[in-house]
Amino acid sequence: MPKSNFSKFYIRVLILTKELLELPIKFEEFRNEVNRRFEALEKGQEEIKQRQDKMEEILERHEKSIQELKGWQLEHKVRMNICAYVGKYIKKCRIKDKSEMADELDEYVEKNIINEIERDDVLLLDILVSGISKKTKEEIFIAIEISYKIGNNDIERVIKRKEILERVYKKEIIPFIIGKEISDKTKNKLKKLGIDFILVSD
């Protein structure tokens, strides 16, 4: 091999050797860059998830506020027109004052007819109406639960509070639910239990 060609070959070998020696370093740099980009991507995805969670939390709070506002509006409307809603049951209807109820219930707690928990539960009843029954001509009470969408919880509450009130007043207590929406399944359940309800129109 001529000397000039040998020199060129030698230089190429040195260059290749250098490149081979640098290859692990370059590969490590490449791997670090890939890891850095993956970490940045994961961080970005985490930030997006946090923002989505925050947005869902805000929407959930807004939805809850809207439902509470709808419930308040419905209860206000029912109170304003209560005698029309219970007119088929009674005449001389009157909404029982909560402070008056509290005083009466306190007396029954002292007599051990009901306990403190039952007292507080009855006071959470949306409306208690008193009046004269159109059937029996006797004084009766109507225990009313108000709910935008009538569900199982409303049914359970009105039944429980009806039973407590029967022990307190020793008179007929009619359980009654007023709402805006109801499923067919809940309708059937109310029918089986003999609990009446009405849906309020706009």
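**Exercise 1.** Given a relative accessible area of 24%, place Glu75 in an accessibility class.

Solution. Step 1: the classes are buried (under 20% relative accessible area), exposed (over 50%) and partly exposed (in between), with a 1.4 Å probe and protein chains only. Step 2: at 24%, Glu75 is therefore partly exposed.

Some ground rules apply to what follows. The model is predicted, so local features need pLDDT of at least 70 and side-chain atom pairs count only at pLDDT 80 or more, while totals for chains, interfaces and linings use all residues. Residues are numbered from 1 along each chain as its sequence is written, and side-chain values use heavy atoms, with hydrogens and water left out.

**Exercise 2.** Find the salt-bridge partner of Arg79 and describe where the two residues sit.

Solution. Step 1: a salt bridge is a side-chain nitrogen of Lys or Arg within 4 Å of a carboxyl oxygen of Asp or Glu. Step 2: Arg79 meets Glu75 in such a bridge, at 3.6 Å from N to O. Step 3: helices (H or I, at least four residues) and strands (E, at least two) are DSSP runs, numbered from the N terminus. Step 4: the two residues are four apart in helix H1 (residues 3-80), so about one helical turn separates them. Step 5: Arg79 is partly exposed, with a relative accessible area of 33%.

**Exercise 3.** Which parts of the chain are tied together by the bridge between Arg161 and Asp121, and are these two residues buried or exposed?

Solution. Step 1: the closest N and O atoms of Arg161 and Asp121 are 3.1 Å apart. Step 2: Arg161 belongs to helix H5 and Asp121 to helix H4 (residues 116-123), so the pair ties together parts that are 40 residues apart in sequence. Step 3: both Arg161 and Asp121 are buried.

**Exercise 4.** Describe the salt bridge of Glu139 and Lys171, then give the network built from salt bridges that share partners.

Solution. Step 1: the closest N and O atoms of Glu139 and Lys171 are 3.8 Å apart. Step 2: Glu139 is in strand S3 and Lys171 in the loop between H5 and S4, so parts 32 residues apart in sequence are tied together. Step 3: Glu139 is partly exposed at 35% relative accessibility, and Lys171 is partly exposed at 36%. Step 4: one network joins Asp121, Glu145, Asp154, Arg157, Lys160 and Arg161 through shared partners. Step 5: the count of salt bridges comes to 15.

**Exercise 5.** How many aromatic pairs are there, and what is the geometry of Tyr89 with Phe176?

Solution. Step 1: rings of Phe, Tyr and Trp (its six-membered ring) pair if their centres lie within 6.5 Å; planes under 30 degrees apart count as stacked, over 60 as edge-to-face and the rest as tilted. Step 2: the count is two aromatic pairs. Step 3: the ring centres of Tyr89 and Phe176 are 5.6 Å apart and the planes are at 80°, so this pair is edge-to-face. Step 4: Tyr89 lies in the loop between helix H2 (82-85) and strand S1 (90-95), and Phe176 lies in strand S4 (residues 173-182), 87 residues apart. Step 5: Tyr89 is buried at 16% relative accessible area, and Phe176 is buried at 0%.

**Exercise 6.** Classify the ring pair of Phe141 and Tyr169.

Solution. Step 1: the centres are 4.5 Å apart and the planes are at 25°, so Phe141 and Tyr169 are stacked. Step 2: Phe141 is in strand S3 (residues 139-150) and Tyr169 in helix H5 (residues 152-169), so the pair ties together parts 28 residues apart in sequence. Step 3: Phe141 and Tyr169 are both buried.

**Exercise 7.** Describe the largest nonpolar core and name the element that gives the most to it.

Solution. Step 1: a nonpolar core is a set of buried Ala, Val, Leu, Ile, Met, Phe, Trp, Tyr and Cys residues joined through side-chain atoms within 4.5 Å. Step 2: the largest core has 18 residues, and those with the most contacts inside it are Val78, Val86, Val129, Ile142 and Ile144. Step 3: H1, H2, S1, strand S2 (127-133), S3 and S4 each supply at least two residues. Step 4: S3 gives the most to this core, with four residues. Step 5: apart from this core lies another, of 16 residues, including Ala102, Ile114, Leu125 and Val168.

**Exercise 8.** Where in the protein is confidence lowest, and where is it highest?

Solution. Step 1: pLDDT is the predictor's confidence in each residue, from 0 to 100. Step 2: the mean over the protein is 84, and 88% of residues reach 70 or more. Step 3: confidence is lowest in H1, at a mean of 72, and highest in S2, at 95.
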